[in-house]
Amino acid sequence: EMTIFNLNIKIPVVLFLLNLSCIPFKYSLAQETIFQKNGWRIEGTYGLDRALKNYKNDSQTSSLNGYFAELGVQKVINHVGIELSTRYYRNQPPLFDSTGISSSLINLGLDPKNFLQKYNPLQRASASIGPVFNFPFLNQKAFMQISVLGGISFLENGLSITSQNATSVVEDNGFEAKSMFPNARTNFRLGVQLSPRWALAATTYYTQYIGVNQRVTYYNLEKSLLQNTTYNLSSYGAGLSLIYSFGKKVTIPEKEIITIQKNIKVTVRDSQTNEPLAKVKIKLSSDNGKFYVAETDEKGEVMLEKIPQAQYHITGMLNEIASTDSDIFATQFDFPGEEIAVGLIHHDPRFTLKGFTINKNTKEREGNVYVVLTNLKTQAIDQVISAKEDGEFSFQIDPETDYDVFGRKDRFISEIESVTTKGLERNTVIYVKLAVALEETEAGKAIELESIYYDLDKADIREDASRDLNKLVQFMKDNPGINIELNSHTDSRGSSQYNLDLSQRRAESVVNFLIDHGIDENRLHALGYGESQLTNECADSVPCTEEQHQANRRTEFMVVD
């Protein structure tokens, strides 16, 4: 039966046991155990070997296949170290057709019994020492090694007889037990870490024996006499190496665990002008799936700060064209310095049109404007929105091409600007700069159409005025809900009534121009003011220049609601 007393006893006990069970868990969170290498390694290698004999009398080569076994020791510090290696080789002469060789010997007038017993393997033992270079990659999970060793080799036996053809035989007397020669060997290893201590590597090598000038007897029926010759000796082969790294397990409190971090500085330049490129989108991807993105500044640079040690791949993208890419290896974080610098190259054969939109009245930047680019060669149209803050925009434009550029914004009329890349050299110029001016319209506010001039006593629109009228056509198309009044003015020469009639005809000429370009005539109203609103003091009987009179022959438009 459960009592209050029993309950009071059991609850504290349970809580105490739960608390004890949490202690190891909390302790494990506060520390980390790692394997710390001390640079010493021992390796064992087994593989196949081929010994090459290069005969000097007629450039013939013969080979002996066999195997080798190796035991080596390394001490590596900061990717460079020293290696001590001992090896044993055994190469068996190839099995031969005794009948064929006997026939060759008989043809040469020799007794086969004196030769067939000369047949035993070539044995070599060597001790070598030299530098080793170790290059880890894939976040220390793989490595590459190159070593260059020199040492002493002891050679023994290798007695053999070889039939070169039906009329020639080579008798190799082999090596005496005391034969000793220097050797030079290069090794290449490519390996993977199976665990912090154990690694497996594929090994290849080439060995040259120095000073070997071994004598052989060359029997040739055509020469009818015995001829002594010599050969030199080398060998190459491949095998598998099992490598053990010495070290110890170290327990590090969490607060003492330090991750190497460095700032990564990326610079991007144009391939043809070497100019720095701004607004290049940089992506830094690590081998563990993490990535960082940034954008270059006006100097073509971006600094990625406090990036943890890992292997990274860096790419850049500008105007939908990729730059060159680059890799950062984890070992580069071990080098001195707080920064890793990376340079990328971007190749785009086009020019860059950089510009800004500006308010014609306030002289300040006007943002959020749709900027329209028309290729006059292909009639292709491209469009971007100028930046809200500074009105900046950019396009990629082709060489040897003419363009028109204008802005589009509600109740704004834009200048139509001309841009050309004809005559520009891409290796010296990358940026073409431009300002696009817009003027805001208001009901009842007259806006002069610049350069809409008429010849004296004529209502016909001059050909040089059509470009400025085109911007009015574009304004009307972009603002389909707006109606306008076209006002025309004359100079003071002639009678007032004549000038009034002339200005009316001129205003109607503009209306007809707009109608011919697709504008609904119900949205247009023509009104001539004659000489009643002169822009200067050139009234009747006042002497003025032709330029002053022409300034009064003008056309304006006004938004009417």
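Let me begin with a term I will lean on throughout: a residue is called buried when its relative accessible area is under 20%, exposed when that area is over 50%, and partly exposed in between. By that cut-off Arg189, with a relative accessible area of 1%, is a buried residue, and I will come back to its partner in a moment. Please keep in mind that what we are looking at is a predicted model.

First, the overall picture. The protein has 561 residues, and buried residues make up 40% of them. Its secondary structure consists of five helices and 31 strands. If we take the contacts with a separation of 6 or more, 68% of them are between residues 24 or more positions apart. The accessible surface comes to about 30,300 Å², and carbon and sulfur atoms account for 56% of that area.

Now to the strands in the earlier part of the chain. Strand E4, residues 122-137, and strand E5, residues 142-157, run antiparallel and are joined by 14 bridges, and one of the pairings sets Ala127 against Ile152 in E5. In the hairpin that these two strands make, four residues lie between them, and Leu138 takes a positive phi near 55 degrees. Strand E5 is also joined to strand E8, again in an antiparallel arrangement, through 15 bridges, with Gly151 standing opposite Asn183 in E8.

Strand E8 brings us back to Arg189, and to the charged pairs. Side chains of opposite charge can pair when their charged atoms come close. Under the rule used here, the count of salt bridges comes to 20, and I would like to show you a few of them.

The side chains of Glu83 and Arg189 meet in a salt bridge, with 2.9 Å from N to O. This pair links distant parts of the chain, since Glu83 sits in strand E3, residues 80-92, and Arg189 in strand E8, 106 residues apart. Is Glu83 buried or exposed? Glu83 has a relative accessible area of 0%, so it counts as buried, and Arg189, as I said at the start, is buried at 1%.

Glu70 and Arg185 form another salt bridge, at 3.2 Å from N to O. Here too the pair links distant parts of the chain, with Glu70 in strand E2, residues 61-77, and Arg185 in strand E8, residues 175-193, the two being 115 residues apart. Glu70 is buried at a relative accessible area of 5%, and Arg185 is buried at 1%.

A further salt bridge joins Arg553 to Glu546, whose closest N and O atoms are 3.0 Å apart. In this case Arg553 is buried, with a relative accessible area of 2%, whereas Glu546 is partly exposed at 38%. Both belong to a network of salt bridges that also takes in Asp491 and Arg493.

Let me turn to the sheet in the later part of the chain. Four strands form an open sheet of mixed pairing, in the order E28-E31-E29-E30. Strand E28, residues 446-448, and strand E30, residues 524-528, each have a single partner strand, so these two stand at the edges, and one side of each is left without a neighbour in the sheet. On average, and with direction ignored, neighbouring strands in this sheet are turned by 25 degrees against each other.

Within the sheet, strand E29, residues 483-488, runs parallel to E30, and five bridges join them; one pairing sets Ile484 against Leu524 in E30. Across E29, E30 and strand E31, residues 555-560, lies helix H4, residues 496-516, which runs at about 160 degrees to E30.

What of the nonpolar side chains? The largest nonpolar core has 22 residues, and those that touch the most other members are Leu472, Phe475, Ile484, Leu486, Leu514, Leu524 and Phe557. Helix H3, residues 466-478, gives two or more residues to this core, as do E29, H4, E30 and E31. Taking Leu472 as an example, and leaving aside its neighbours within four places in sequence, we find Leu472 in contact with Ile413, Leu449, Ile484, Leu486, Leu514 and Phe557. Apart from this core lies another, of 21 residues, which includes Leu277, Ile282, Ala294 and Val342.

Notes. Residues are numbered from 1 along each chain as its sequence is written. This is a predicted model: local features need pLDDT of at least 70, side-chain atom pairs count only at pLDDT 80 or more; totals for chains, interfaces and linings use all residues. Side-chain values use heavy atoms; hydrogens and water are left out. Two strands pair if DSSP finds at least two bridges between them. Axes are lines fitted to C-alpha atoms, for helices over the stretch in contact, and angles run from 0 to 180 degrees between N-to-C directions. Contact means heavy atoms within 4.5 Å. A nonpolar core is a set of buried Ala, Val, Leu, Ile, Met, Phe, Trp, Tyr and Cys residues joined through side-chain atoms within 4.5 Å. Buried means under 20% relative accessible area, exposed over 50%, partly exposed in between (1.4 Å probe, protein chains only). A salt bridge is a side-chain nitrogen of Lys or Arg within 4 Å of a carboxyl oxygen of Asp or Glu. Accessible areas come from the Shrake-Rupley method with a 1.4 Å probe; for residues, only the protein chains shown count as cover.
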